[in-house]
Number of protein chains: 2
Amino acid sequence: MTESGKPILYSYFRSSCSWRVRIALALKGIDFEMVPINLIKDGGQQFSKDFQALNPMKQVPTLKIDGITIHQSLAIIEYLEETRPTPRLLPQDPKKRASVRMISDLIASGIQPLQNLSILKKVGEVSKDLREETHLTWAQNVITSGFNALEQILQSTAGKYCVGDEVTMADLCLVPQVVNAERFKVDFTPYPTISRINKRLLALEAFQVSHPCRQPDTPTELRA
Amino acid sequence: MTESGKPILYSYFRSSCSWRVRIALALKGIDFEMVPINLIKDGGQQFSKDFQALNPMKQVPTLKIDGITIHQSLAIIEYLEETRPTPRLLPQDPKKRASVRMISDLIASGIQPLQNLSILKKVGEVSKDLREETHLTWAQNVITSGFNALEQILQSTAGKYCVGDEVTMADLCLVPQVVNAERFKVDFTPYPTISRINKRLLALEAFQVSHPCRQPDTPTELRA
C-alpha cells in the first residue's frame, strides 16, 4: 500500500491476468495505484531484482493491499471478494459458485498458462522454430481446445453472463481470454455463446476502463 | 451421484489433480464411489464419447455430487469446503486464505498444466523429438522454476504445513506436485522447506489412502 493507504497493483497493460484484477477493482470501486511492469522492455522488467523480491514467480499481477502482497489473479479476486463483498463476484448459491470457479479455473489453469508469452518462447526454443506461424498454431490449438469445452459448458450455466444474469469472476476471466484469442486469430464461428456474452460484457464500464487499450502503460499506437 | 446418493469421482491413479481431490474427500471423511478413467489405455478413455459428454475438457478429476457435476480440482475442493466445512481446508483469516489460494494457484496454474501428459505430447510434436530426455528437460525446467518461487514464498507462510500449522488446500496441491517432480527426477537439494512439509504431510493417513500407489486402478507393478 502507498502512504495514503491505497492498494498498489503491479500490472502490464497486455497481461490478461492483470486485466482480470483490474476489472474486479473497477467493479468494486476500489481506488488503487498502478505500477506498470513491462514484460518486454529491458529484457522483461519482471526479472529485475526488485520485482523478484516482491513476486518470486516473476509474473504480474501482484497486489499490495491491507499490509500483505498477493500473487495469482484468482487468489487476489477471491481476497477482494472476501474483504470487499459489494458488488459480489461470486453468487450466494454454492452450486452456482462451483460453476463460476469451474469456468474460471478452466481458463486460468486450462487455457491461459499454455498460451502466454513465456510458454510460447519455450515452444520456440524446443522446436528451434521461431516463426510467428508456429506460435500462432500452438496458441490457436490450446485456445480452441479450451473454448470448445467452454462453449458447451456455458450452454448450461449462462444467462446474460457466464453463470446466470450477474457478472461473476468467470466473466472477469472470459473477456481477457477472448482478447487473447482474437490476437491469435482464432475463428469465433463455433463460439456463439462465448461471443454473445463477451459482447455484452464489453459494454460495461468496468470492462472498458480496465481494457488493455486504455492503461497508463499502453503504447500510443495501441490506444483506443 | 449413485442411487445410494454417494458422490462419484472420476479419477486416474496417477493424475496429480485427481489426487488433490482424493485427499480432500479423505480428510473430510466423505464416502464416495470411484470410476477410474485411464488416460493412456484405449488411446485415452477421457476421449470417449460418454466421458466427453460428462466433461468437455476431457480431463480428470470430475465429481458428481449433490445433483451437479464439477470439473477442475480447486473448484471441486472449494465446493466441498463450502458444503462440508469440517475439517476446514481454508483458514478463517482472509489474509491466510489468500496465502493458501496463492500457493494453490501457483501450482495449479503455474506448474502442473505446463508439465502434464498432454502438454508433453504437444512439445514432442512441435520439437519433432520424442526422446524421453526432451520431455524430462521441459518438465524439469517448468517444475524447478515454480519450486524456486514456492520455496521462497513458503519461507514466510509455512508453519508445520504450507500455511501455518493446519493442513490446507495448498498442501493438497503440494504433495501431488512433489510426486510429479520426483517422477521427472528434479533435484530437491534447493528445496528444504518443500521437502520438510511434504514429508510431514505424507505421514498423514488422508495422504496415504489417496496415494497413487494405492488406488483401485493402480497397476500391480506400481502398488506399494
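How much area do chain A and chain B bury between them, and what share of it is on carbon and sulfur atoms? The points below take up that interface and the domain contact inside chain A.

1. The model is predicted. In it, chain A and chain B bury about 3,600 Å² between them, and 71% of that area is on carbon and sulfur atoms. The contact draws 41 residues from chain A and 41 residues from chain B.

2. Six salt bridges are counted between chain A and chain B. One of the salt bridges in the model joins the side chains of E82(A) and R101(B), at 3.2 Å from N to O. Across the interface of the two chains, 11 residue pairs are in polar contact, both residues being at pLDDT 80 or more.

3. On the side of chain A that touches chain B, the elements giving two or more residues are α2 (49–54), β4 (68–71), α3, α4 (94–110), α5 (117–127) and α6 (132–157). Of these, α4(A) gives the most, with 11 residues. By residue class, this side of chain A divides into 22 nonpolar, 11 polar and eight charged.

4. Within chain A, the assignment gives domain 1 (8–87) and domain 2 (94–207). The C-alpha centres of these two domains of chain A lie 20 Å apart. Their contact takes 14 residues from domain 1 and 18 residues from domain 2.

5. Domain 1 and domain 2 of chain A bury about 1,500 Å² between them, with 70% of it on carbon and sulfur atoms. Which residues of domain 1 of chain A lose the most area to domain 2? They are W19(A), R20(A) and L74(A), which together make up 37% of what that side buries.

6. The polar side of the domain contact can be listed briefly. The count between domain 1 and domain 2 of chain A is one salt bridge. E78(A) and R101(A) form a salt bridge in which the closest N and O atoms are 2.7 Å apart. Across the interface of these domains, two residue pairs are in polar contact, both at pLDDT 80 or more.

7. On the side of domain 1 of chain A that touches domain 2, α1 (16–27) and α3 (73–83) are the elements that give two or more residues. The most come from α1(A), with eight residues. The residues of this side divide into 10 nonpolar, one polar and three charged.

8. Helix α3 of chain A appears in both element lists: it gives two or more residues to the side of domain 1 that touches domain 2, and also to the side of chain A that touches chain B.

Technical notes:
Residues numbered from 1 in each chain as written. Chains lettered and ligands numbered in written order. Heavy atoms only, no water. Domains from an automatic or database assignment. Contact = heavy atoms within 4.5 Å. Buried area = accessible area lost by both parts, 1.4 Å probe. Salt bridge = Lys/Arg side-chain N within 4 Å of Asp/Glu carboxyl O. Polar contact = N/O pair within 3.5 Å; in protein donor to acceptor, adjacent residues only side chain to side chain. Helix = DSSP H or I, 4+ residues; strand = E, 2+ residues; numbered from the N terminus. Nonpolar A, V, L, I, M, F, W, Y, C, P; charged D, E, K, R; others polar.
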